Amino acid sequence: MLRIAICDDEIAYAEKLELIVDALFKEQKTETEIFVYNDPKLLTRDHFHNEFRLIFLDIDMPEISGIKLASMLRASKSKASLIFVSSHSHFVFETFRYSPFRFVRKDWLDKELPEAIQAFCSEVLNKKPMVRLILDDKKIITENAEEIIYFFSLRHDIYYLTPNGTKMLYTREYTMEKLEKMFLQHGFLRIHKTYLVNYRYIYQIGRFSVSLI
């Protein structure tokens with residue numbers, strides 16, 4: 001579930017934006033949980049309790065502007081993606097210091113918002129974890145870590161399996177211990193000294209066996 005916050009002091013506009021954002025993410029087949037705020041202080045309180053993944057910010061708000069709020073979020077080391085939605089396009093360059101994902105003009109909402117959300121889904125949510133591996137012929141290949149089913153060692157050689165078949169790694173470069181450390185962040189489990197398995201493909205773990213999908 002993608003947690004989203006929308007902050008705009010104009011209540012009617014914030015609610016309108018909520019409906020549009022929800023519809024656009026549904027087109028991208030992405031489930032969302034959207035929270036609407038008219039007070040930036042309430043947003044920061046909730047965000048620090050349970051971080052939002054994406055935040056839409058108006059710029060011209062009383063007390064705390066959208067730019068000030070972005071500054072506070074970045075100072076707190078928040079990794080939330082920011083999309084500014086504003087009528088004040090002359091602020092666009094000032095927002096760059098906070099690394100926003102997009103700046104959407106309210107007058108161009110129908111054109112710019114769909115592009116921003118489509119890009120967010122493809123570039124951020126669906127970003128593929130690519131890894132570089134050296135094959136036995138010393139050829140360097142790039143693989144999507146999520147498509148590697150498992151690594152296995154046979155005698156002194158190490159192989160890995162994908163839906164496209166089995167490939168052999170360059171033996172002098174890898175050990176199962178090294179691969180275990182490399183792929184820990186990608187969800188691989190060392191189920192045996194000779195097998196390192198992608199948890200996405202594990203269907204059932206028994207006392208003496210592991211079943212794959």
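## A walk through the predicted model

Lysine 29 is exposed, its relative accessible area being 76%. This residue belongs to the loop that connects helix 1 with strand 2 (32–37), and its phi is near 60°, a positive value in a residue other than glycine. Most residues other than glycine have a negative phi. Keep in mind as we go that this is a predicted model.

A second lysine makes a good companion to that one. Lysine 77 sits in the loop between helix 3 and strand 4, and its phi is near 70°, again a positive value in a residue other than glycine. With a relative accessible area of 67%, lysine 77 is exposed. Serine 78, in the loop between helix 3 and strand 4, is buried, with a relative accessible area of 6%. What does serine 78 touch, leaving aside its neighbours within four places in sequence? Its contacts are His47, Glu51 and Leu73.

Two of those names take us to the next stop, the packing of helix 2 (residues 40–49) and helix 3 (residues 66–75). Their axes are 11 Å apart and the packing angle is about 20°. Angles under 35 degrees count as roughly parallel, and helix 2 and helix 3 are therefore roughly parallel to each other. Their crossing is right-handed. Helix 2 brings Pro40, Thr44, His47 and Phe48 to the contact, while helix 3 brings Leu69, Met72 and Leu73. Sorted by type, the residues of this contact are 5 nonpolar, 2 polar and no charged. His47 and Leu73 thus appear both in this helix contact and among the residues that serine 78 touches.

Now turn to another pair of helices. Helix 1 (residues 11–27) and helix 5 (residues 109–125) have axes that come within 10 Å and cross at roughly 50°. How are helix 1 and helix 5 placed relative to each other? That angle falls outside the ranges for roughly parallel, roughly antiparallel and roughly perpendicular, and the two helices are therefore oblique to each other. Helix 1 passes helix 5 in a right-handed crossing. On the helix 1 side, the contact is made by Tyr13, Leu17, Ile20, Val21, Leu24 and Phe25; on the helix 5 side, by Leu109, Leu113, Pro114, Ile117, Phe120 and Cys121. The residues of this contact divide into 12 nonpolar, no polar and no charged.

Leucine 17 lets us look at helix 1 from the inside. This residue lies in helix 1 and is buried, with a relative accessible area of 3%. Leaving aside its neighbours within four places in sequence, leucine 17 is in contact with Leu109 and Leu113, as well as Ile6, Phe56 and Val85. For leucine 17 and isoleucine 6, 11 residues apart in sequence, the C-alpha to C-alpha separation is 7.9 Å.

Helix 5 has its own set of buried residues: Leu109, Glu112, Leu113, Ala116, Ile117, Ala119, Phe120 and Cys121. Which elements help to cover the buried residues of helix 5? The cover includes helix 1 together with strand 1 (2–7), strand 3 (54–57), strand 4 (81–86) and strand 5.

Follow the chain back from helix 5 and you reach lysine 106, in the loop between strand 5 (102–105) and helix 5. Is lysine 106 buried or exposed? Lysine 106 is buried, because its relative accessible area is 15% and the cut-off for buried is under 20%. Its side chain is joined to that of aspartate 8 by a polar contact of 3.0 Å. Leaving aside neighbours within four places in sequence, lysine 106 is in contact with Asp8, Tyr13, Asp58, Val85, Ser86 and Ser87. Tyr13 is also one of the helix 1 residues in the contact with helix 5, and Val85 is also in contact with leucine 17.

Aspartate 8 leads to our last stop, aspartate 60. The C-alpha atoms of these two aspartates are separated by 8.4 Å, although the residues are 52 apart along the chain. Aspartate 60 is found in the loop between strand 3 and helix 3. At 49% relative accessibility, aspartate 60 counts as partly exposed. Its contacts, leaving aside neighbours within four places in sequence, are Asp9 and His88.

Methods:
Residues numbered from 1 in each chain as written. Predicted model: local features only at pLDDT ≥ 70, side-chain atom pairs only at ≥ 80, totals over all residues. Heavy atoms only, no water. Axes fitted to C-alpha atoms, helices over the stretch in contact; angles between N-to-C directions. Helix = DSSP H or I, 4+ residues; strand = E, 2+ residues; numbered from the N terminus. Parallel < 35°, antiparallel > 145°, perpendicular 65-115°, else oblique. Left-handed = near helix turned anticlockwise from the far one by under 90°. Contact = heavy atoms within 4.5 Å. Nonpolar A, V, L, I, M, F, W, Y, C, P; charged D, E, K, R; others polar. Buried < 20%, exposed > 50% of the residue type's maximum accessible area, 1.4 Å probe, protein only. Polar contact = N/O pair within 3.5 Å; in protein donor to acceptor, adjacent residues only side chain to side chain.
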